[in-house]
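Visitor: Please give me a close look at one part of this model, and place it in its surroundings. I would like a single connected account.

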Amino acid sequence: MGHVFVMRGDLQALRCDDWLMPCSAGLHVSHAWWMDALEAPLRAAGAYNHRRHPKGTGRMGGRQAIPLAVPPGTPRPWLVDTTGSDPERVTDRARAFVAQVAQADLPRCTRRTKRLVALPVVGTGAGGTFHEAGEVLRRLLPALREAAAQHGVDVALVTWEAAQHAAAQAQRSPADFQGLPKGLRGAAKRLARQALHGRLVLFLGAGVSMGAGLPDWHSLLTALAKTAGLSPEELALYQAKH
């Protein structure tokens, strides 16, 4: 069973397996989402941006989502039409995106137990439901919760603004935390209150970074030893001492 995470930050900087890149039915990608590093795969898919690449050749053509061809180890963007003025419509598009990603089962770039699928609060930028962001969130979180449970993936809903993040958190349900044993729920609530007041400092082991694609301790030492020109025997001796 998957979990839904709500976080504030830059979706394009998140180390995930797949993420939703908003576009129009004609594959127009706004300037906010157009990335230099993805220009080649975007153009190959027929996408365009009126500032960077003014002409496109593709259309969604009834497809729910279009994956971009990216190098191995890179989070994969999926073009999804999130335009329209109906919150239910854009919510359905988000749900279908999660389902298609799970069913496609393309190569992953994280080492997490479950595939991590990320998306913004769809349709609330240039998509047409900007003035109904609250209604989109009210519908979106239950839809994502259902999709995560049905398809066995983790879903990260990434917000850009503080107000939107607070609104998303307010829509959280006790069902989002049902994986916690009853005895830990009280502790979780206490930690949440401390976090809201900025009174928490995370102390994490190095293994936490492995989910983001960074090496474990042994792999790091091996890479450093190779760079320093150490022999396998010298490396083994150092590891034995430490």
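Guide: Helices, of at least four residues, and strands, of at least two, are DSSP runs numbered from the N terminus. The model is a predicted one. By that assignment, the chain has six strands and seven helices, and their order along the sequence is β-β-α-β-β-α-β-α-β-α-α-α-α. The chain has 242 residues, of which 36% count as buried. Of the contacts between residues at least 6 apart in sequence, 64% join residues at least 24 apart.

The part chosen for the close look is strand 6, which covers residues 154-159. Six of its six residues are buried, so the rest of the structure largely encloses strand 6. The side chains of strand 6 go two ways: Asp-154, Ala-156 and Val-158 point to one side, while Val-155, Leu-157 and Thr-159 point to the other, and both sets are buried.

Strand 6 pairs with strand 1 (residues 4-8) in the parallel sense, over five bridges. In that pairing, Arg-8 has Thr-159 of strand 6 as its bridge partner. Strand 5 (residues 116-119) also runs parallel to strand 6, and four bridges join the two. Here Leu-116 stands opposite Asp-154, and Leu-119 stands opposite Leu-157.

Strand 5 has its own two-way arrangement, with Leu-116 and Ala-118 pointing one way, Val-117 and Leu-119 the other, and all of them buried. Strand 5 is joined to strand 2 (residues 18-23) as well, again in parallel, by two bridges. One pair of bridge partners there is Trp-19 and Ala-118 of strand 5.

Next come the helices. Helix 3 takes up residues 133-151 and packs against helix 2 (residues 87-104) at an angle of about 20°, the axes being 9 Å apart. Angles under 35 degrees count as roughly parallel, and therefore helix 2 is roughly parallel to helix 3. Their crossing is right-handed. From helix 2, residues including Val-90, Ala-94, Val-98 and Ala-102 take part in the contact, and from helix 3, residues including Val-136, Leu-140, Ala-143 and Ala-147. Sorted by class, the contact consists of 11 nonpolar, three polar and five charged residues. Among the charged ones are Glu-88 and Arg-95 in helix 2, with Glu-135 and Arg-139 in helix 3.

Two loops that border these elements hold residues with a positive phi. Asp-105 sits in the loop between helix 2 and strand 5. Its phi is near 50°, a positive value in a residue other than glycine. Asp-105 counts as exposed, because its relative accessibility of 58% is over the 50% cut-off. Leu-27 belongs to the loop between strand 2 and helix 1, and its phi is near 65°, also positive in a residue other than glycine. Leu-27 is buried, however, at a relative accessible area of 0%.

Helix 1 (residues 39-44) includes Glu-39. The relative accessible area of Glu-39 is 18%, and since buried means under 20%, Glu-39 counts as buried. Setting aside neighbours within four places in sequence, Glu-39 is in contact with Trp-34 and Arg-52.

To return to the chosen part: strand 6 is largely enclosed by the rest of the structure, with parallel pairing to strand 1 and to strand 5.

Conventions
Residues numbered from 1 in each chain as written. Predicted model: local features only at pLDDT ≥ 70, side-chain atom pairs only at ≥ 80, totals over all residues. Heavy atoms only, no water. Buried < 20%, exposed > 50% of the residue type's maximum accessible area, 1.4 Å probe, protein only. Pairing = 2+ DSSP bridges. Axes fitted to C-alpha atoms, helices over the stretch in contact; angles between N-to-C directions. Parallel < 35°, antiparallel > 145°, perpendicular 65-115°, else oblique. Left-handed = near helix turned anticlockwise from the far one by under 90°. Contact = heavy atoms within 4.5 Å.
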